[in-house]
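Good morning, and thank you for joining this session. Please take a moment to look at the sequence and the model before we begin.

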Amino acid sequence: MKTRISILQGICASLILMAYFLPWIQISFLDKGASFSVVDAVMKLTGMVSDAADMSNGLFKIDLSEVRNYSYLLYLVLIAAFINVIVQWLRNSPRTAFYFNLIPFSLCVAMIVAAVKYEINIFEITGIGFAAALFASTISLFVAWTVIGRNYDSRYQCYMKVLSYCVVASVIVYII
């Protein structure tokens, strides 16, 4: 039997996947507007990097194959969202929801930080996809972490110990 929390996770995961196809950035200049979704950005960026790599190989003998490979990693964002929808509707895994929903949440936070850095009003340039992804990922992260925390003693005590050791080790490595 599905609980309300598992249904909420499925809805949030589905909303995040749909948000990738909705406009995230809306730019208007001289009465002409353009909007870009994450899917549009991935397709255009992959094509531009691929074209630049082909052109530089022919003209300058510069190898941009690594840049091309990194641009293909952007597809992992979309694949992770698709996998998360399937996992949440079929199996309801709060840990999977937490980690997969860190991706859209991080994208939204990065856009907000960049807007603050360049003194741009984020509400003027963002679209409905950005708002939906930020809202759904925040709710999903909160719900997933609440479920993980509630089950801490019974199921995730070993997991949390390992996570704590990893955090302490990374801080020590960073200090050294």
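I shall go from the chain as a whole to one helix, and then to a patch on the surface.

Please note that this is a predicted model. The chain holds eight helices and two strands. Read from the N terminus, the order of elements is α-β-β-α-α-α-α-α-α-α. Of the 176 residues in the chain, 31% are buried. The accessible surface comes to about 11,800 Å², and carbon and sulfur atoms account for 71% of that surface. As for contacts between residues at least 6 apart in sequence, 65% join residues at least 24 apart.

Let us turn to helix α5, which covers residues 94–117. What span should its 24 residues have at 1.5 Å a residue? The expected value is 34 Å, and the end C-alpha atoms are 33 Å apart, so the two agree. Helix α5 does have a kink of about 30 degrees at L102, shortly before the proline P104. P104 is also among the buried residues of α5, which include F98, N101, C108 and M111. In an α-helix, residues three or four places apart point the same way, because there are 3.6 residues a turn. After α5 comes E119, with a positive phi near 55 degrees.

Finally, the surface. Y99, W145, L163, V167, V171, Y174 and I175 make a nonpolar patch of about 740 Å². Which helix gives the largest share of this patch? That is helix α8, residues 152–175, with five residues. I175 lies in α8. Its relative accessible area is 65%, which is over the 50% cut-off, and therefore I175 counts as exposed.

How values were computed
Residues are numbered from 1 along each chain as its sequence is written. This is a predicted model: local features need pLDDT of at least 70, side-chain atom pairs count only at pLDDT 80 or more; totals for chains, interfaces and linings use all residues. Side-chain values use heavy atoms; hydrogens and water are left out. Helices (H or I, at least four residues) and strands (E, at least two) are DSSP runs, numbered from the N terminus. Buried means under 20% relative accessible area, exposed over 50%, partly exposed in between (1.4 Å probe, protein chains only). Contact means heavy atoms within 4.5 Å. Accessible areas come from the Shrake-Rupley method with a 1.4 Å probe; for residues, only the protein chains shown count as cover. The expected span of a helix is 1.5 Å times one less than its number of residues. The bend at a residue is the angle between axes fitted to the seven residues ending there and the seven starting there. Patches are made of residues with over 30% relative accessible area and no salt bridge: like charges are joined within 9 Å, nonpolar side chains (Val, Leu, Ile, Met, Phe, Trp, Tyr) within 5 Å. A salt bridge is a side-chain nitrogen of Lys or Arg within 4 Å of a carboxyl oxygen of Asp or Glu.
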